[in-house]
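Q: Please take a close look at one part of this structure, the strands and aromatic rings that meet around a buried threonine, and then show how that part sits among the other elements. I am new to this structure, so a connected walk-through would help.

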Amino acid sequence: MKLSVDLPGRISAKISVGPSAHIVGITGPSGAGKSSFFRALAGVERNADVEMRRGRTVKKIGMVFQQPMLFPHVNVQGNIALAQRHASDKAISVERILTGCCCTHLLDKDVNTLSGGEAQRVAIARALANGPDVLLLDESLSAIDLVTRRRIYQFLKSLCIETGLKCFIVSHDLEDLALFCDELIYISDGQVAMQGGASDVLNTIFTSGTIESPSAVLEGTLIDHREVMSTESLTNQRMQTDSVMFVDVANTRLYVSKTALQVDSHAFTKQPPRQQTVRFAVKACDVSIDTNTSESRQNTTSSILNALPCKIVAINEFECVNNEGRSGKVLLTLETDCNGTSKTNVPSNSFATEPNPQTLYASVSAISVHKLSLCIGLSVIARFKLL
């Protein structure tokens, strides 16, 4: 899919999106032109020169602004019904949309009684009920709580894969973009400054030293709790099935709460299937560095449960807000180190092949870098709490 937008004095952007990019994130500084780009695509900007090419015809473009703009003269059900009147033949059932957007219970409510997050959910549901080929979301989930927001993102991702819907999302929440976007576009001063795979673009943004606590996305597989019953207490077994999952990342067992995982809904059954791939985000500010690699396996003296063997691959100092002097904070870029793990805390069938290295970030003080003699190539343990 190729997009070209020229809006004099505001934005001039040409974008090419691959067929496997179902959700495309757009980010950048405030005032960079992100919303103008969306408004031009939606046909709101009359002076914009817009070209949109795709393998098939784009008949409908849906757009949801940060302000939901619901029709005040009808209730929630009426807003959805109005969108259905001119829906395309590819529109999915309203029942599924309402469930996916977590707003089934809001149907009879007057729109004036909705909270900001509820109104945003209804606005997204209304846009989907119209059956668009392309959906533009301009900070449209910003008022929705974390758990509900990620459920909606997961629903949108599944919907895009199933129906071919292309979803473009403007957001300043880089953690959400890292978790759910296939490609990412960084707009600055009305121009496309960066474009590519979400992880590649975010790595460039993070290592520039302008974002103090970037988030890395780790990918792993669920470990069936029955396979670790012999080493876990009854209490931990109960935690595993109720709220905490065991995840194998780089041949290391980590503890992750269900709400932090991005995973298909069917994965959370009483007996999770083997090799179910999951993803979760870890903020740099939540990661501490331990140079005592010999103590990585059995952590019995600390409340920080997760210990992941890594190597330092880059060290970047953060910029000061006023660009004067040094910030005193340093960003460490880490890579998971499969050679640094003894593989004693995961089932034996979990490491038949060596996994590819994954990136993790840690925000530490410059003093810590000096006192611990941290350097590129050093093997360390990245420790972080249950997410």
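A: What follows begins with the whole chain, moves to the part in question, and then turns to other sheets and contacts.

The model is a predicted one, and its secondary structure comes to 9 helices and 18 strands. Of the 387 residues of the protein, 50% count as buried, while the accessible surface comes to about 18,200 Å², with 48% of that area belonging to carbon and sulfur atoms. Among the contacts with a separation of 6 or more, 73% are made by residues 24 or more positions apart.

The part to look at closely is centred on Thr333, which lies in strand S16, made of residues 329–336. Thr333 counts as buried because its relative accessibility is 5%, where the limit for that word is under 20%. The strand around Thr333 is mostly covered as well, since 6 of the 8 residues of S16 are buried.

S16 has pairing partners that can be followed one at a time. With strand S15, residues 306–317, S16 pairs in the antiparallel sense over 7 bridges, and in this pairing Lys311 has Glu335 of S16 as its bridge partner. With S17, S16 also pairs in the antiparallel sense, over 7 bridges, and here the bridge partner of Thr333 is Tyr361.

The contacts of Thr333, leaving aside residues up to four places away in sequence, fit into this picture: they include Lys311, Ile312, Val313, Ala314 and Asn316, and also Thr359, Leu360 and Tyr361. Asn203 and Thr207 are likewise among the residues that Thr333 touches.

Tyr361, the bridge partner of Thr333, also takes part in one of the aromatic pairs, of which a search of the whole structure finds 4. The ring centres of Phe206 and Tyr361 are 5.3 Å apart and their planes stand at 85°, so this pair is edge-to-face. The pair links distant parts of the chain, with Phe206 in helix H7, residues 198–206, and Tyr361 in strand S17, residues 359–365, at a separation of 155 residues. Both Phe206 and Tyr361 are buried.

A second edge-to-face pair is formed by Phe246 and Tyr255, and it is classed this way because the ring centres are 5.4 Å apart and the planes are at 85°. Phe246 counts as buried at 2% relative accessibility, and Tyr255 is buried too, with a relative accessible area of 17%. Phe246 has a further neighbour in Arg253, which lies over the face of the ring at 5.4 Å from its centre. Another arginine is placed over a ring elsewhere, where the charged end of Arg126 sits 4.8 Å from the centre of the ring of Phe71.

The residues of this second pair lead to a sheet of 4 strands, an open one in the order S12-S11-S10-S13 with antiparallel pairing. Strand S12 (252–257) and strand S13 (277–283) each have a single partner strand, so both stand at the edges with one side left without a neighbour in the sheet. Neighbouring strands of this sheet are turned by 50° against each other on average, direction ignored. Strand S11, residues 244–249, is joined to S12 by 6 bridges, the two running antiparallel, and Met245 has Val256 as its bridge partner in S12.

A separate open sheet has 6 strands in the order S5-S6-S7-S3-S8-S9, and its pairing is mixed. Its edge strands are S5 (61–64) and S9 (191–197), each of which pairs on one side only, and neighbouring strands are turned by 15° against each other on average, direction ignored. Within this sheet, strand S3 (residues 23–27) and strand S7 (residues 166–170) pair in the parallel sense over 4 bridges, with Val24 standing opposite Phe168 in S7. Helix H5, residues 146–163, lies across S3, S6 and S7, and runs at about 130° to S3.

A last residue to place is Ile11, which lies in strand S2, residues 11–16, and is buried with a relative accessible area of 2%. Among the residues that Ile11 touches, not counting those up to four places away in sequence, are Phe37, Ile187 and Gly190.

Definitions and conventions:
Residues are numbered from 1 along each chain as its sequence is written. This is a predicted model: local features need pLDDT of at least 70, side-chain atom pairs count only at pLDDT 80 or more; totals for chains, interfaces and linings use all residues. Side-chain values use heavy atoms; hydrogens and water are left out. Two strands pair if DSSP finds at least two bridges between them. Axes are lines fitted to C-alpha atoms, for helices over the stretch in contact, and angles run from 0 to 180 degrees between N-to-C directions. Rings of Phe, Tyr and Trp (its six-membered ring) pair if their centres lie within 6.5 Å; planes under 30 degrees apart count as stacked, over 60 as edge-to-face and the rest as tilted. Buried means under 20% relative accessible area, exposed over 50%, partly exposed in between (1.4 Å probe, protein chains only). A charge sits over a ring if NZ of Lys or CZ of Arg is within 6 Å of the ring centre and within 35 degrees of the ring normal. Contact means heavy atoms within 4.5 Å. Accessible areas come from the Shrake-Rupley method with a 1.4 Å probe; for residues, only the protein chains shown count as cover.
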